[in-house]
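This report walks through one protein model. Please keep the sequence and the structure at hand while reading.

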Amino acid sequence: MVFILGFNFPESRLVKSAIQSFYGVGPQHTQRLMAKLYIHDTARVGTLADKQVLDLTAELSNMTIENDLRRKVQDNIKRLRDMGAYRGRRHAMQMPVRGQRTRTQTATAGKLNRVERFG
């Protein structure tokens, strides 16, 4: 098991998928990060040297990911609601925010807009 930024990853897991498992880190960020640290695309977590693991942890700690990013998104939605903006009202009513149709198919919007509703 390799410990990266508070999470244990099995040694057989790909570095690419391990980095992408963090909230807020997608494929493009992962590709740039791996290129910066000279890590091959098919490298496994167990094959990384200690220095590479430390560098990876340092780079990830400089990024806004996981709880910090979730809190930032919640604060932005709360700001929109407090301001009384249209988007904030749509979030509060659990309706589509970005102009999707509401005559049918609003169930998905209700699920997605629940980000910070009851917390």
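The sections below cover the core, one helix, one buried acid and the salt bridges.

## Model and core

The model is predicted. Its largest nonpolar core has 19 residues. Those with the most contacts inside this core are I4, V15, I19, F22, I39, L56 and L60. Four elements, β1 (2-4), α1 (15-20), α2 (27-36) and α3, each supply at least two residues of the core.

What does L60 touch, leaving aside its neighbours within four places in sequence? L60 is in contact with I4, L5, I19, F22, V25, L33 and I65. Among these partners, I4, I19 and F22 are also listed with the most contacts inside the core.

## Helix α4

Helix α4 spans residues 67-83. It has 17 residues and reaches 24 Å from its first C-alpha to its last. That is close to the 24 Å expected at 1.5 Å a residue.

The buried residues of α4 are L69, I77 and L80. Seen down the helix axis, they fall within an arc of 75°, so they line one face of α4. The reason such spacing can work is general: an α-helix has 3.6 residues a turn, so residues three or four places apart point the same way. The cover over the buried residues of α4 includes α5 (86-92).

Which exposed residues does the face turned away from the buried side carry? That face of α4 carries D82 and M83. Just after the helix, G84 takes a positive phi of about 80°.

## E66, a buried acid

E66 sits in the loop between α3 (50-62) and α4 (67-83). Is E66 buried or exposed? Its relative accessibility is 16%, so E66 counts as buried, the cut-off for buried being under 20%.

Not counting residues up to four places away in sequence, E66 touches F7, S21, F22 and Y23. One of these, F22, is also among the core residues with the most contacts. Y23 offers a backbone partner: its nitrogen lies 2.8 Å from a polar atom of the E66 side chain.

E66 also forms a salt bridge with R70. The closest N and O atoms of this pair are 3.6 Å apart. The two ends differ in exposure: E66 is buried, whereas R70, at 37% relative accessibility, counts as partly exposed.

## Salt bridges

How many salt bridges does the structure hold? It holds five. Side chains of opposite charge can pair when their charged atoms come close.

K36 forms a salt bridge with E59, with the closest N and O atoms 3.3 Å apart. This pair links distant parts of the chain. K36 is in helix α2 and E59 is in helix α3, 23 residues apart. At 21% relative accessibility, E59 counts as partly exposed.

Another salt bridge joins the side chains of D55 and K51, at 3.0 Å from N to O. D55 and K51 are four residues apart in helix α3, so about one helical turn separates them. D55 has a relative accessible area of 29%, so it is partly exposed. K51 reaches 59%, so it is exposed.

## Summary

α4 turns one face, lined by its buried residues, inward from D82 and M83 on the other side. Just before this helix, E66 is buried in its loop and pairs with R70. Helices α2 and α3 both supply residues of the largest nonpolar core, and K36 and E59 link these two helices.

Notes
Residues numbered from 1 in each chain as written. Predicted model: local features only at pLDDT ≥ 70, side-chain atom pairs only at ≥ 80, totals over all residues. Heavy atoms only, no water. Buried < 20%, exposed > 50% of the residue type's maximum accessible area, 1.4 Å probe, protein only. Polar contact = N/O pair within 3.5 Å; in protein donor to acceptor, adjacent residues only side chain to side chain. Contact = heavy atoms within 4.5 Å. Expected span 1.5 Å × (residues − 1). Arc of directions from axis to C-beta. Core = buried A, V, L, I, M, F, W, Y, C linked by side-chain atoms within 4.5 Å. Salt bridge = Lys/Arg side-chain N within 4 Å of Asp/Glu carboxyl O.
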